[in-house]
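These are my notebook entries on one structure, set down in the order in which I looked things up. The sequence and coordinates come first.

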Amino acid sequence: MLLIFCITFLNASAHLYKQKAQELNLSQSRYWNLLLHNVDGVSEIDDEAFFFAKDGKSNAQSELNDTIEALLNETVFDDNSTACRFPARKAWLKEQLNIIDFPKTECKEYEKVLKRLNPKSVTLVFPSAHINSPASMFGHTFLRINSAYDSKLLSYAVNYAADANPDKENAVLFAIKGLFGGYFGKYSLLPYYDKLKEYRDSEQRDIWEYNLNLSEEETIKMLKHIWELNETHSYYYFFTENCSYNMLWFLEAARPEIHLREYFNNQIIPLETVHAAKAEGIIKDNFYRPSKRTTLLKYEDLIKEEYQTIPLLLVDSDIGQEDITLNKDIDLQQKRYILEASIELLEYRFSKSKIKKEQYLKLFYALSKARAALGAGEKIVIKTPPNPIESHQAIRVSLGGGVRDGESIGFIGIRPAYHDLEDSSYGFLRGTQIEFLDFELSYSQNKAEIEKATILSIVSLAQRSDFFKNLSWRTKFGWDRNSPSEEAAFIGTVGIGFSWGNELAYVYMMTDPLFYLDEKYISAIGGSIGLVFDKYNNMSTILETTRRWYDSGYEQQLVNISQTFRASQNVQLKFKYDYKEKSDFKTEYEENSFSMHLNCYF
Amino acid sequence: MKKFLVSIAAVVALSSSVMAGVNSQTGCGLGSMIIKDNSTAVLLALQATTNGTSGNQTFGITSGTLGCQKTKFVMNEQAQEFVASNMDQLAKEIAVGHGECIETLAELLAVSDKVAFAASLQENYNSIYTSQNATMSDVLDNISATTL
């Protein structure tokens, strides 16, 4: 009798709350739609388990009703109860409708996680590009939930990844499925130190941490919502519904007043989410963590020229650590640096599978023991490089004008993504370029022509050093005007070479086999030497001279000089000189262009 | 068309990263770091972050000490977990005499004078790491015995 009474009572109260919710129009509120991940009334979550109503994915009202119903009529009272699975929905409804008669539930799992995370604040983390991989400029962003500990190593990262095992799938299939939603994305929580091992140590990426001004209360609110996505599936789309995009939902759920997703309509480039966070005013301060590579380069700097190769000899076991520790000519601090660099280098080698574990352990132990015996020394200090948050944004619109062979000429161009060597390198990894769909038209003598139409262009000029013997490479597919014929022709090229540099500038030498598809197929091999003077943050000078040998026997010289000035984060001024040798129907001629360009980035 | 072309480019970038084959060697001793197979250097060079995961990761808090020998001295679980997961980094920092892992450990063990703690760890390196096969429990027990 009592039971029947209770059920009737609860049903009645659920009914009243639903009525009240309807009066308050709660189903249309921003927060409710955030919790459901609704875009234009339809949820992006592709998992039935996320909804109580049959039409919950597309009907916010019925989902609200059924959620109230489920919360008040729990059938289980443990981790699987509605309240435990949807703590953010519960908290919000409780607050909005003053619900006091929730059934008692015990959320052991959630409480355990909450206790361990002890959420206090949130940091947006951006691992920047890694060397020789300009594609990684598209990078990754994730959220870190900071605990009450001072040490950030004890915080947790919210990870979002495609639920697929790359080792067990055909690589091409994997990529295609990743792009077009063939996999489910899945969330996980990982200790931050594990993420550091992955990005900082293994992938050699400098890491930028942007501390957000979310309060403890907002952080917990966010965690409650993240928890609701535990075990739910959504299709993973590389360009749109990717790792960075989903973080935006979480931040908005933490503080509904911020509108981050509105900054994006098409693809989401992870660094752009940082720009959006900055624009919304939620970034408090930032912190830079150098990668293992950056640390090793610093050691190269600190170790005297004459000892520079010693760490390599130690790691290769060509000499023993006592050859250094007992050497009376080397001063103590240099000894410390040498041994520290050796340990770093050894770890680097090991992480690249270039040394067997047995050998690694033996050397690691011997070297660290030797280093410990030398006592405390100077701490290495790595200067914080230009912050990516100050770097130019992805979309470039350019206007230009100049003179080509005595005739005036105008230029107009647009490029949706992302960065080329002539753009300001402020905040970008030195010597990297990645461009998608770079279009430029020229207008001269009442005639518009294609100046360039790049589909994809990647350049990676990785400076060689004692510790890192990197190769440089570049590739381009698209139309340009560097072919012997007058008009733009389709080029495909992949080249390799070397680059060296210091803090003033870097130089490079490249060999580029290439083909043009004009009216017919022609191939050539090009050799280029270039110099990029980039010491100052607000300007750079780029020179490149190229000689090409065509299969027809024709030889061509190309010269390109540009001087750029960074006026502000998203405005750049560029002066260019172009020299091209051309050959049309056996007449050979030269083309000289001087131009000035204004580049704006969005 | 635009989307298609971008996609092609990304297929190239993506498929290469797939071949990178990360294998995380977890353990309780030294030498358990992320190893990347470097065999496909050219493809690897194009690498983008795909964020593929091999499925095992969950939302729960998993203990990093599974399968590790427990410490003899009473020690908080999180300290054990931390040390087991950061063996190499910690050893390196102790050898050098400072670092974030040492500071973290100090915080977990409620050591107030971090500078003295780091110096003492360095001084006792040989008794903390008695061999290259030292495991988490050896390290923590030896730290308890020598520096705490």
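**Entry 1: A:T541.** I took contact to mean heavy atoms within 4.5 Å. I also recorded at the start that the model is predicted. With that contact criterion, I asked which residues A:T541 touches, not counting residues up to four places away in sequence. I found A:L531, A:V532, A:F533, A:S562 and A:Q563. I placed A:T541 itself in strand β19 of chain A, which covers residues 539–550. One of these neighbours, A:Q563, also shares a polar contact with A:T541: their side chains are joined at 2.7 Å. I then asked whether A:T541 is buried or exposed. Its relative accessible area is 17%; because buried means under 20%, A:T541 is classed as buried.

**Entry 2: A:L64.** I next looked up A:L64, and found it in helix α3 of chain A, residues 60–72. Its relative accessibility is 0%, so A:L64 counts as buried. Leaving aside residues up to four places away in sequence, I listed A:A21, A:L26, A:S27, A:W32, A:W92 and A:L93 as the residues that A:L64 touches. I also took one C-alpha to C-alpha distance, from A:L64 to A:N33, and obtained 10.0 Å for a sequence separation of 31 residues.

**Entry 3: Cysteines.** How many disulfides does a search of the whole structure find? I recorded one over all chains. The disulfide joins A:C84 to A:C107, with an S to S distance of 2.0 Å. I checked its handedness from the torsion about the S-S bond, which is about -85°, so the disulfide is left-handed. I then asked which parts of chain A the pair ties together. A:C84 lies in helix α4 (residues 82–85), whereas A:C107 lies in the loop between α5 (87–97) and α6 (108–117), so the linked parts are 23 residues apart in sequence.

I compiled the accessibility of these two cysteines together with two further ones:

| Residue | Relative accessible area | Class |
|---|---|---|
| A:C84 | 2% | buried |
| A:C107 | 13% | buried |
| A:C600 | 23% | partly exposed |
| B:C101 | 2% | buried |

For A:C600, the value of 23% gives partly exposed, because the limit for buried is under 20%.

**Entry 4: Aromatic rings.** I counted rings of Phe, Tyr and Trp as paired if their centres lie within 6.5 Å. By this rule I obtained 26 aromatic pairs over all chains. Among them is the pair of A:F498 and A:W500, with 5.9 Å centre to centre and 35° between the planes. I logged that pair as tilted, because planes under 30 degrees apart count as stacked and those over 60 as edge-to-face. Both partners came out partly exposed: A:F498 has a relative accessibility of 34%, and A:W500 has 37%. I also noted one aromatic cluster, formed by A:F50, A:F51, A:F52 and A:F86.

**Entry 5: Charges over rings.** I recorded two cases in chain A. The charged end of A:K90 sits over the ring of A:F102, at 4.9 Å from the ring centre. A:R293 lies over the face of A:F468, and here the distance to the ring centre is 4.5 Å.

**Entry 6: Chain A as a whole.** I counted 16 helices and 22 strands in chain A. Along the principal axes, I found that its C-alpha atoms fill a box of roughly 100 × 75 × 45 Å. Of its 602 residues, 58% are buried. I took the contacts in chain A between residues at least 6 apart in sequence, and 63% of these join residues at least 24 apart. Chain A exposes about 25,900 Å², of which carbon and sulfur atoms supply 56%.

**Entry 7: Chain B as a whole.** I asked how many helices and strands chain B has. The count is eight helices and three strands, which I read along the sequence as α-β-β-α-β-α-α-α-α-α-α. Chain B has 148 residues, and 59% of them count as buried. Among its contacts with a separation of 6 or more, 54% come from residues 24 or more positions apart. Its exposed area is about 6,200 Å², with 57% supplied by carbon and sulfur atoms.

Key: Residues numbered from 1 in each chain as written. Chains lettered and ligands numbered in written order. Predicted model: local features only at pLDDT ≥ 70, side-chain atom pairs only at ≥ 80, totals over all residues. Heavy atoms only, no water. Helix = DSSP H or I, 4+ residues; strand = E, 2+ residues; numbered from the N terminus. Buried < 20%, exposed > 50% of the residue type's maximum accessible area, 1.4 Å probe, protein only. Polar contact = N/O pair within 3.5 Å; in protein donor to acceptor, adjacent residues only side chain to side chain. Disulfide = S-S within 2.5 Å. Phe/Tyr/Trp six-rings, centres within 6.5 Å; stacked < 30°, edge-to-face > 60°. Lys NZ or Arg CZ within 6 Å of the ring centre and 35° of its normal. Areas by Shrake-Rupley, 256 points an atom, 1.4 Å probe, with all protein chains shown as cover.
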